[in-house]
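Grab the coordinates and work through these exercises with me. Each one sets a task and then walks through the solution.

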Amino acid sequence: MAINPPVLDMQPNIYLIEGESAFSYLPIIRKLQNQGKKVISFGIGQPDFPTPDHIKSAAKAALDDNFTGYTETQGIPELREAIANYLNTRYQSDVKNDEVIVTPGTKTAIFMAASSYIRPNDEAIIIEPSYYAYAQVVKLFGGIPKFVSLDFNPQKGFSLNVEKIESQITNRTRMIFINNPHNPTGAVFSRKQLDQLVELTKKKNIIIVADEIYDNFVYSGNFKSLIEYPDWRDNLIYINGFSKTFSMTGWRLGYIVARRETIPRFNDLAVSLYSCATSFVQKAGVIALKGDWDPVKNMVNEFNRRAKVLYDILKKAPGFEPYMPEGAFYMFPRISSILNRTNLTVKLFVDDLLEKTGVLVLPGDTFPDKAGREFVRFSYATDMESIKEGAQRIVEYSEKIFNS
C-alpha cells in the first residue's frame with residue numbers, strides 16, 4: 001500500500017521545473033506597499049503602456065458580434081494571413097498562411113516546440129543568460145539543457161559567440177534556443193553572428209527555435225530576423241507574438257511559423273492542449289497588425305529615452321557596470337565589485353536592496369544557468385519619474401557600500 005496519496009506521486013520531471021522569479025516578487029512588493037512603503041519595481045518585463053484603443057475596440061466589436069465560440073485550432077484565416085503579410089513585408093520573407101499556427105501566447109509556442117522535438121536525453125543549447133522557460137520545457141520532456149554564455153564587454157554589453165556554441169555541440173544536440181533582441185541583456189545580435197549560426201545549424205543538422213518577441217524594440221544595431229533567410233524552412237521554428245509590441249501581455253496571443261509539413265502535427269498537439277486561441281482576441285490581433293502602428297513607434301521611442309536616462313544615472317553608481325542596450329527593454333549591468341565588497345550573492349544583494357531602498361531589480365542567476373551570477377536585470381518598462389527616483393536610490397545605496 002502506498003504511503004502517500006497517489007495525487008502526490010507526480011511524474012519525476014515535473015519536479016525539475018522552476019517558476020519565473022519575476023512573479024515570485026509580486027507578493028513581497030504587495031506586502032511592502034501594504035506597510036506604507038513606496039516600492040519602485042524594475043522587475044516584470046511588461047510594457048506600462050495601455051493596449052492601443054483601436055485594438056481594444058476590435059475586441060469589443062467581436063464580442064458585440066458574438067464572436068465568442070471556438071475557432072479553427074490553427075487560428076482564424078484572416079489572422080494567419082495578417083501574420084504572414086507582416087513577416088513578408090517586414091522581413092522580405094515568403095511565409096504562407098498555412099505555415100502559421102496561432103497560440104495563446106508565446107510561452108505556449110515554446111512549449112509546443114520543445115514537446116514536438118525533444119526526446120529523452122536530447123541536448124538543447126540555450127544561450128545564457130536566458131529567458132527561464134526554455135530550460136524548463138526541455139527538462140520536462142526529458143531533454144538536457146546545455147548552456148552557452150554570451151560574451152560580455154563592460155562598455156558594449158553582450159554578444160553572441162558562435163564558436164562557443166559549436167564547441168558544445170554533440171551528436172545528441174537537437175536544437176538551439178535563441179532570443180533576439182535578447183532578454184535579459186538587451187543585446188541585438190549582429191548579422192554576421194546570425195549568418196554564422198545559421199550556417200552552423202545547417203552543417204550540424206540542428207533546429208533553431210527563434211523567439212523574436214522583441215523584434216520591434218530595436219534602438220541601435222542592425223536587427224536581422226531568422227525568418228529572412230531564404231531556406232529558413234529546413235532548420236527553423238519561428239516564434240513571435242503580440243504581448244510586447246502591442247502591449248497585450250494579458251491578452252495571450254502568439255504564433256509559430258514552421259515548414260508546412262509540420263503544421264498538421266502542431267495542430268493536433270494544439271487541439272489537445274488548448275483547442276484554439278481566444279476567438280475575439282484573434283480578431284483584435286488582425287487589427288493590431290493591419291491598423292495604426294504609431295502607438296508602437298511612440299512606445300519604442302519612449303523606451304529608448306528611458307534607457308538613456310537609466311544608463312546615465314547608473315553610471316554614477318559605484319560598483320555598477322551599465323551599458324546602453326540595443327533592443328528589448330532590459331539592462332543587465334554587472335555588479336561583481338559590489339558582491340565582492342559585501343560578500344553577498346546576487347540574490348541576497350537584491351533582497352537587501354529591496355529592503356533598504358524599496359527598489360526591486362531581478363537577480364541575474366534567475367536567467368539560467370550561471371552566466372548571470374554577477375549581474376542584475378532592470379526592466380525599464382516603467383514611467384520616467386520612477387526610473388529616475390529608483391536609479392538615484394541605487395546610486396545612494398551603492399555609495400554607502402563603498403564609503404563605509
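Below are exercises on cavities, a pocket, helix packing and unusual backbone geometry.

Before we start, some ground rules: this is a predicted model, where local features need pLDDT of at least 70, side-chain atom pairs count only at pLDDT 80 or more, and totals for chains, interfaces and linings use all residues. Residues are numbered from 1 along each chain as its sequence is written, and side-chain values use heavy atoms, with hydrogens and water left out.

**Exercise 1. Find the largest cavity and describe its lining.**

Step 1: set up the search. Rolling a probe the size of a water molecule over the atoms shows where empty space is left. On a 1 Å grid over the protein atoms alone, a cavity is a set of points where a 1.4 Å probe fits but cannot get out, and lining residues have an atom within 4 Å of a point. Points are joined across faces, edges and corners, and a volume is the space filled by probe spheres set on the points.

Step 2: count. There are 4 cavities of 30 Å³ or more, and the largest has a volume of about 90 Å³.

Step 3: list the lining. The residues are V198, T201, K202, I208, L226, Y229, D231, W232, N235 and L236. Helix α8 (residues 191-204) gives the most, with 3 residues; helices here are DSSP runs (H or I, at least four residues), strands are E runs of at least two, and both are numbered from the N terminus.

Step 4: sort by class. You get 6 nonpolar, 2 polar and 2 charged. Ala, Val, Leu, Ile, Met, Phe, Trp, Tyr, Cys and Pro count as nonpolar, Asp, Glu, Lys and Arg as charged, and the others, Gly among them, as polar.

**Exercise 2. Do the same for the second largest cavity.**

Step 1: its volume is about 60 Å³.

Step 2: among its lining residues are Y86, D215, N216, F242, Y255 and W293.

Step 3: the classes come out as 6 nonpolar, 4 polar and 1 charged.

**Exercise 3. Now take the second largest pocket: what lines it?**

Step 1: switch definitions. A pocket is an open set of points with protein on both sides within 12 Å along at least five of seven lines.

Step 2: this one has a volume of about 300 Å³. It is lined by 18 residues, of which S41, G43, I44, A381 and T382 lie nearest its centre.

Step 3: the elements giving two or more residues to that lining are α2 (26-34) and β1 (40-41). By class, the lining has 9 nonpolar, 6 polar and 3 charged residues.

**Exercise 4. Work out how α11 and α14 pack.**

Step 1: choose the descriptors. Two packed helices are described by the angle between their axes and the distance between the axes. Axes are lines fitted to C-alpha atoms, for helices over the stretch in contact, and angles run from 0 to 180 degrees between N-to-C directions.

Step 2: α11 (residues 294-314) and α14 (residues 384-403) pack at about 15 degrees, with axes 9 Å apart. So α11 is roughly parallel to α14; angles under 35 degrees count as roughly parallel, over 145 as roughly antiparallel, 65 to 115 as roughly perpendicular and the rest as oblique.

Step 3: get the hand. The crossing is right-handed, that is, the near helix is turned clockwise from the far one by less than a right angle, anticlockwise being left-handed.

Step 4: check the contact (heavy atoms within 4.5 Å). Residues E302, R305, R306, V309, L310, I313 and L314 in α11 meet M384, I387, K388, A391, Q392, I394 and V395 in α14. They divide into 9 nonpolar, 1 polar and 4 charged.

**Exercise 5. Repeat the analysis for α5 and α9.**

Step 1: α5 (residues 106-117) and α9 (residues 263-273) pack at about 120 degrees, with axes 11 Å apart. That makes α5 oblique to α9.

Step 2: this crossing is right-handed.

Step 3: T108, F111, M112, A113, S115, S116 and Y117 in α5 meet F266, L269, A270 and L273 in α9. The contact has 8 nonpolar, 3 polar and no charged residues.

**Exercise 6. Track down the backbone oddities.**

Step 1: know the baseline. Most residues other than glycine have a negative phi, and most peptide bonds are trans.

Step 2: look at omega. A cis peptide bond joins N180 and P181, with omega about -10 degrees, and the bond from N183 to P184 is cis too, with omega near 20 degrees. P181 is found in the loop between β7 (173-179) and α8, and P184 lies in the loop between β7 and α8.

Step 3: look at phi. Q92 has a positive phi of about 50 degrees although it is not a glycine, and Q92 lies in the loop between α4 (77-91) and β2 (100-103).
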